[in-house]
Amino acid sequence: MKRILTIAFAALLVLAAGHAISAQQQAFGGAQLAVPEIPFDSVPNFLKLPDKMYLGEVPGVATNSKGHVFVYSRTGTMTATLGGSRVFTHNGSRLFEFDEKGAYVREIGVGIYGFLFAHVVRVDPQDNIWVVDEAANLVMKFDPNGRILMTIGRKPESINVRNYEPPAPPAAPGGRGGPAAEGRAGGAGGRGGAPAAPPVVGAGTPGESFNRPTDVGWDAQGNIFVSDGYGNSRVVKYDKNGVFLKMTGHRGNGPGEFNTPHGLAMDAKGNVYIADRGNNRIQVLDNDLNFKTQYVNVGTPWTVCISPGAHQYLFSSNSNGIGNFDNGEIYKMELDGKIVGRFGEAGKQMKQFGSIHEIDCRNENEILVGELTNWRVQKLLLKAPTNSTK
């Protein structure tokens, strides 16, 4: 009898868990529910590059208020010099500007120190151009004329740099040195000692110590938010002048933990939406970086974008990996996670996608996508969703 009761109780727990999962899926728009297909077209040959100029992988694409298109591409002639501790490189990426019709305008930051391995480009409400370079560990802000206004982070040194260590005080007669000598051997954070280790894996350290950052965004007050990214798994908040305010997160799969926070977007209320790629979800944080909710119904989000205007939409790409043609679709969602529709698939033809790395959705019905494996930018024209589903 006891065994029967135990089995029955276990069955009830499984049934309750099933109902809980179903309710969660319903709340998130329903992974098990039919999702409307959004018909769309792709503008052929949208970007017109000059002769003998080419795009490589396109991890970054963004537009400004005039409709000009900025493309941060992994293309260029890398310069490398052997330093004392590593190879010192630059010129691995290039930043191009095109007008609203796709005509080439100029290249920005030719030969700049921080252009090494492109990750994203974003444009803020004042039309300043922001670049996140994964390998340089830098977030760079350019004004609309292409002049550097701010950098956050620091590129690793090419030579060995030792911290200054003051000389040891003379030893006391008959002793081994005074208290200062003992303190110098130093615990974490001491002058001559090693810096304190992060409290948990992937948490990083306060300040500008990025480890392969991935994306950047801003709230209405101009505060800066950075997802940091591969080596770390956290989100960092700075004020409008780049002064560190706070950070949250470390490697893990719980609420407020991340596994490769790969993309970031801000809504009008200052909430932060994180493409938590390694955990197959979007996490939503408030402006103080407190966990609010998560959406687990859109596959593996590589990048997120939120459209402007009174009614904002969230776009998320379930991108295919660089070695396969699985998935590849983009989801259009309400900010509460309800799916409006989906469009596209992996592939190499027009209207197919090869590892979408960034979405620009300044116009919710005319979006741009930067692709890694197809080395291109596509301009997509969305239409009203149909009743056909996948």
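Here are a few notes on this predicted model, going from the whole protein down to single residue pairs.

1. Let's start with the overall make-up. The protein has 390 residues, and its secondary structure comes to two helices and 26 strands.

2. How much of the protein is buried? The share is 47% of the residues. As for the outside, about 18,600 Å² is exposed, with carbon and sulfur atoms supplying 55% of that area.

3. A word on contacts along the chain. Take the contacts with a separation of 6 or more: 49% of them are between residues 24 or more positions apart.

4. Now have a look at the open sheet made of four strands. Its order is β2-β3-β6-β7, and the pairing is antiparallel. At the edges sit β2 (57-63) and β7 (104-108), each of which pairs on one side only. Going from one strand to the next, the twist averages 25°.

5. Inside that sheet, you can zoom in on β3 (residues 69-74) and β6 (residues 94-98). Five bridges hold this antiparallel pair. One residue to pick out is F70, whose bridge partner in β6 is E97.

6. Further along is β20, which covers residues 303-306. Are its faces buried or exposed? Both are covered: T303 and C305 are buried on one side, and V304 and I306 are buried on the other.

7. Which strand does β20 pair with? The partner is β21 (residues 314-317), running antiparallel to β20 and joined to it by four bridges. Within this pair, I306 stands opposite L314 of β21, and I306 is also one of the buried residues of β20.

How values were computed. Residues are numbered from 1 along each chain as its sequence is written. This is a predicted model: local features need pLDDT of at least 70, side-chain atom pairs count only at pLDDT 80 or more; totals for chains, interfaces and linings use all residues. Side-chain values use heavy atoms; hydrogens and water are left out. Buried means under 20% relative accessible area, exposed over 50%, partly exposed in between (1.4 Å probe, protein chains only). Contact means heavy atoms within 4.5 Å. Accessible areas come from the Shrake-Rupley method with a 1.4 Å probe; for residues, only the protein chains shown count as cover. Two strands pair if DSSP finds at least two bridges between them. Axes are lines fitted to C-alpha atoms, for helices over the stretch in contact, and angles run from 0 to 180 degrees between N-to-C directions.
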